Amino acid sequence: MCTPTLPRRFAPGFCLAILLFPGAVPVEADGQRPSTAARRAAHAGAYLERLQPYGFSGVVLVARGAQVLYRDGHGMADRENRVPFRASTLFDVGSLTKQFTAAAVLKLASEGKLAVTDSIGRFFADVPPGKRGITVHQLLTHTAGITDDQLTSDYVRVSRDSMIARTMRAKLLAAPGEQHAYSNVGYSVLAAIVEQVTGESYEAFLRRALFRPAGLRETGYTIPVALRAHLATGYRRDVRWGIGADSMAATGGDAWNLIGNGGLYSSVGDLQRWTSALLDGRVLPREWVARMLTPHVLAIAEYRQRDAPLYYGYGWYVWRPAGRTVVFHDGGNGISYASVRLYRDDNTTLVYASNTSAYAERRDLPVEALNRIMLGDTVA
């Protein structure tokens, strides 16, 4: 059902109407009806366009393989200055950052510089006995037992060494390997491992080893001056919150409550280039990509609309509703919200982002409606 996910200000039946009647289906230049993927892409864009009068602002991209079928922004990236959300707008990707961290770790593993079976004692001194058995694999799959209880604000100055020391002191939720429990801190520990192994900063390694080979020019914690005009401003319940990249800069980049687990900025174009390069084996050997997208651990027994189990790989969820395979991750900080979804059966990618908490907090609307469109639930 769509109605329970609607904000109260929506009129009854609005959700059903915009899903079932999302606008005219375009006709391609040769006069032929477009492909199923192209029709779903058009429906996705039209759906967000209809949300705009109700306060939505954001962007969506749909691609099949390397071919972009739809890419456009909706609403305002900066309301006070009347700057529209465009396809070129940069936004906070939240926990999509975790897939970059996982790829960085697997890049090092593919080069023989670490193994996913390594325990954290290889990388850090003074690991207490109860944590010596934690492995890189367990950190990647959120099965290390590390909780986020120690976290405060994302944008406070916390050094890497302070984060590690605090993590080593913290009580475990469960014995390592015993259960899946989503952990932001675990991915910050992985980012620290990347720095220990490479001798580079986390962001510098990402740029050299992943971003440049994938052709990413608009992704990072540090945003070049030339791109600053493209940054989306976040809004909490219609009140201007600000730009996370500015808050990160104010910490001098020393914000280890966030580094490795969230807070990167990117664009829909860069995220599409990233997924294309990843799946094509241009940033990781294909066998390591396969490991990344393997459903290693059960995350949720019955997930969302179709009651299909949800699994976690390395930095990605794996979901198989009704025989389909959807690999995805969402990310949000209570202000912004982003999602990348790979529909593996038809090689289609959806990239979505919004900069307003009204839609970050109600994550079933619209990202799950877009997911239904892409799965064909609302396409004739």
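**A tour from T97 outward**

Select T97: this residue lies in helix α3, which spans residues 97-110. Keep in mind that the model is predicted.

Is T97 buried or exposed? Its relative accessible area is 0%. Buried means under 20%, so T97 is buried.

Next, show what surrounds T97. Leaving aside residues up to four places away in sequence, T97 touches Y202, Y221, G260, N261, G262, G263 and L264. Pick G260 from that set. G260 is 163 residues from T97 along the chain, yet their C-alpha atoms are separated by 6.4 Å. Then pick L264. The side chain of T97 reaches the backbone nitrogen of L264 at 3.3 Å.

Now move to residues 234-242.

Select strand β6, residues 234-236, and strand β7, residues 239-242. The two run antiparallel and are joined by 3 bridges. Which residue stands opposite Y235 in β7? Colour R240: that is the partner of Y235. Between the strands of this hairpin there are 2 residues. Stop at R237, where phi is positive, near 50°.

Finally, zoom out to the whole protein. Colour by secondary structure to see 12 helices and 14 strands. Of the 380 residues, 58% are buried. Switch on the surface: the accessible area comes to about 15300 Å², and carbon and sulfur atoms account for 49% of that. Last, consider contacts between residues at least 6 apart in sequence. Of these, 66% join residues at least 24 apart. The pair T97 and G260, 163 residues apart, is one to revisit here, since T97 touches G260.

Technical notes. Residues are numbered from 1 along each chain as its sequence is written. This is a predicted model: local features need pLDDT of at least 70, side-chain atom pairs count only at pLDDT 80 or more; totals for chains, interfaces and linings use all residues. Side-chain values use heavy atoms; hydrogens and water are left out. Helices (H or I, at least four residues) and strands (E, at least two) are DSSP runs, numbered from the N terminus. Buried means under 20% relative accessible area, exposed over 50%, partly exposed in between (1.4 Å probe, protein chains only). Contact means heavy atoms within 4.5 Å. Accessible areas come from the Shrake-Rupley method with a 1.4 Å probe; for residues, only the protein chains shown count as cover. Two strands pair if DSSP finds at least two bridges between them. A polar contact is a pair of N or O atoms within 3.5 Å; within protein, one must be able to donate a hydrogen and the other to accept it, and residues adjacent in sequence count only if both atoms are side-chain atoms.
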